Amino acid sequence: MLTTNFLKSRTSTREFKDKEVSKSDLNKINEFLENETVVSGANVRLCIAKDGDEVYKGLQGLAGYGGIMIKAPTYISLSVLDDEPKSLVEGAYLIEKFITFTDGMGLGSCWISLGDVVNEDLYPLFTGASGDIPAILAIGYPLNTKKNDHKYTDRIANSDIVFIDSLDNPATDEQLEQRGINEIFNYAKYAPSSFNSQPWRFLLADDKLSIYIEDFKGNNSLIDAGIIMYYIDELGKNISSNTKWEIEPKITGEKYTYIASKNL
């Protein structure tokens with residue numbers, strides 16, 4: 001139930017305490033970055049900032065959350081080491097796993113869009129950074145530690161995001177309950193998405209679950225897909241669903257863009 005509780009109250013931290021991340025917490029972060037990047041097998045890397053102040057000063061007016069740069073004790077960059085859309089999906093999955101990990105340490109986080117910032121200006125700011133850096137994460141101790149559950153009304157219904165056999169055939173709650181997966185979607189839809197657009201669409205056919213993105217919008221859509229795929233996996237553990245996603249985005253310009261599938 002930890003994942004469900006986390007998702008119901010998950011918010012971006014936009015104000016951090018003026019306090020450095022402790023040495024013990026930094027050690028845990030570095031251990032995660034080293035071990036999880038290797039285990040994931042993805043062509044991505046998470047890199048920690050050399051100096052949080054330098055990142056803030058260097059990106060002020062150029063990047064941020066809603067165009068406003070977030071001041072934080074430190075930052076994490078997402079480096080994608082090739083041009084494959086699949087890698088960005090995997091990178092978003094990994095960074096959301098990192099967010100869940102740091103939340104358990106009492107740390108808050110906030111995705112930061114980079115706008116037109118070029119990679120060459122970011123490399124000197126992050127240890128070991130290379131490839132394409134589509135986003136960074138602000139990390140620190142939240143100024144406000146109170147957590148509030150999301151209102152159910154700010155999320156679209158399961159029948160708007162889950163379909164059976166065809167993307168023209170919305171699933172009912174009863175059909176999802178019969179398959180034992182209604183609760184997965186009840187909570188997975190609390191996952192963040194760019195501009196809260198909730199663009200994910202899921203297709204159930206036999207025992208396979210496929211994810212599509214409606215009205216594909218480039219990197220933002222790939223990141224949105226990777227984030228919710230992580231939470232589908234975490235929530236699926238409650239029903240002993242531990243299969244892996246087969247990620248193969250098919251970007252064709254159609255209304256629904258296929259991203260990945262997995263067996264349930």
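Helix α3 (residues 52-59) has four buried residues named here, G52, V55, Y56 and L59, where buried stands for under 20% relative accessible area, exposed for over 50% and partly exposed for anything in between (1.4 Å probe, protein chains only). They lie on the same side of α3 because they cover an arc of only 95 degrees around the axis, the arc being that of the directions from the helix axis to the C-beta atoms. An α-helix has 3.6 residues a turn, so residues three or four places apart point the same way. The cover over the buried residues of α3 includes β2 (74-80), α5 (119-122) and β4, with contact taken as heavy atoms within 4.5 Å. Helices (H or I, at least four residues) and strands (E, at least two) are DSSP runs, numbered from the N terminus.

The model is a predicted one, in which local features need pLDDT of at least 70 and side-chain atom pairs count only at pLDDT 80 or more, while totals for chains, interfaces and linings use all residues. Residues are numbered from 1 along each chain as its sequence is written, and side-chain values use heavy atoms, with hydrogens and water left out.

Two further helix residues can be placed in their surroundings. S87 belongs to helix α4 (residues 85-103) and counts as buried because its relative accessibility is 4%; leaving aside neighbours within four places in sequence, S87 is in contact with N43, V44, V80 and D82. L235 belongs to helix α9 and is buried, with a relative accessible area of 3%. The C-alpha atom of L235 is separated by 7.5 Å from that of A188, although the two residues are 47 residues apart along the chain.

The whole structure holds six salt bridges, each defined as a side-chain nitrogen of Lys or Arg within 4 Å of a carboxyl oxygen of Asp or Glu. Among them are the three in the table.

| Salt bridge | N to O distance | Separation along the chain |
|---|---|---|
| E214 and R201 | 2.7 Å | 13 residues |
| E214 and K255 | 3.8 Å | 41 residues |
| K262 and D233 | 2.6 Å | 29 residues |

R201, E214 and K255 are linked in a network of salt bridges. Within this network, the pair of E214 and R201 links strand β7 (residues 208-214) to strand β6 (residues 200-205), and both of these residues are buried. The pair of E214 and K255 links strand β7 to the loop between β8 (246-250) and β9 (256-263). E214 counts as buried because its relative accessibility is 17%, whereas K255, with a relative accessible area of 47%, is partly exposed. The bridge between K262 and D233 links strand β9 to helix α9, and both K262 and D233 are buried.

Helix α9 also takes part in the largest pocket, where it gives the most to the lining, with five residues. A pocket is here an open set of points on a 1 Å grid over the protein atoms alone, where a 1.4 Å probe fits, with protein on both sides within 12 Å along at least five of seven lines, and lining residues have an atom within 4 Å of a point. About 920 Å³ of space lies in this pocket, the volume being the space filled by probe spheres set on the points. The lining is made up of 32 residues, of which Y65, W111, S193, S194 and F195 lie nearest the centre. The elements giving two or more residues to this lining are β3 (108-113), β4 (132-140) and α9 (219-236). By residue type, the lining divides into 14 nonpolar, 13 polar and five charged residues, with Ala, Val, Leu, Ile, Met, Phe, Trp, Tyr, Cys and Pro counted as nonpolar, Asp, Glu, Lys and Arg as charged, and the others, Gly among them, as polar.
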